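Dear colleague,

Please find below the structure that I am handing over to you. My findings follow directly after it.

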Amino acid sequence: CLWCNKQFALKDETMASQKHFCPECRSELAVIKKESLPKKEPQQGKMPASVAEAPEDVRKAFNDKKAIISGKYIILKKLGQGGMGAVFSAWDLSLKRNVALKMILPSQAEDTDSKNEFVKRFIREAQTAARLIHQNIVQIYEVGRHEDNHFICMEYVDNGTLEEYWQ
């Protein structure tokens, strides 16, 4: 699972053609056959300069084969999940900074019309927030798509959660 970083095994080959969802976060799982995975020789010490110069948690996430989104964001950890999607802490490889990535949960809408409307609403949210400039509103850096997952890249604020703030 991209969201939980858990792996699941199918009982038999006939299940590969069916849709499967993560029992933890309800995200749709991609089925990959072991024989279709590329056979790579391990490259000891081979790390892009943009990662080698990054903080230790970024290098660890890269070495642990955490998800890389759109070739430019390394997922560090899941910060939270709501009704629309999940938010992750990530490292921007090009700008060398922490960012937050909000991603739509793939299982959010089953039929195409609902999913299209959901994506439009998600993009509108980002466009609206990007027009607002205020010290109490995070900046929007990018709206994008990685495979079938839409995301919003935004400013990362490391001051705890709103729930903690209000207590």
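How far away is the nearest side chain of opposite charge to Asp92? The residue in question is Arg97, at 4.4 Å, and Asp92 is buried yet has no salt bridge. Here buried means under 20% relative accessible area, exposed over 50% and partly exposed in between, with a 1.4 Å probe and protein chains only. Lys and Arg count as positive and Asp and Glu as negative, while His and the chain ends are not counted. A salt bridge requires a side-chain nitrogen of Lys or Arg within 4 Å of a carboxyl oxygen of Asp or Glu.

Please note that this is a predicted model, in which local features need pLDDT of at least 70, side-chain atom pairs count only at pLDDT 80 or more, and totals for chains, interfaces and linings use all residues. Residues are numbered from 1 along each chain as its sequence is written, and side-chain values use heavy atoms, with hydrogens and water left out.

Asp92 belongs to strand β5 (residues 85-92); helices (H or I, at least four residues) and strands (E, at least two) are DSSP runs, numbered from the N terminus. Its side chain reaches the backbone nitrogen of Leu95 at 3.1 Å. Beyond its neighbours within four places in sequence, Asp92 is in contact (heavy atoms within 4.5 Å) with Lys72, Tyr73, Arg97 and Val99.

Two of these contacts lead further. Arg97 lies over the face of Tyr141, 3.8 Å from the ring centre; the criterion is NZ of Lys or CZ of Arg within 6 Å of the ring centre and within 35 degrees of the ring normal.

A search of the whole structure finds one aromatic pair. Tyr73 and Phe151 form this pair, which is edge-to-face, at 5.9 Å centre to centre and 75 degrees between the planes. Because Tyr73 lies in strand β4 (residues 73-81) and Phe151 in strand β8 (residues 149-155), the pair ties together parts that are 78 residues apart in sequence. Rings of Phe, Tyr and Trp (its six-membered ring) pair if their centres lie within 6.5 Å, with planes under 30 degrees apart counted as stacked, over 60 as edge-to-face and the rest as tilted. Tyr73 is buried, at a relative accessible area of 2%, and Phe151 is buried at 1%.

As to the chain overall, it comprises four helices and eight strands. Buried residues make up 31% of its 167 residues.

Yours sincerely

How values were computed: A polar contact is a pair of N or O atoms within 3.5 Å; within protein, one must be able to donate a hydrogen and the other to accept it, and residues adjacent in sequence count only if both atoms are side-chain atoms.
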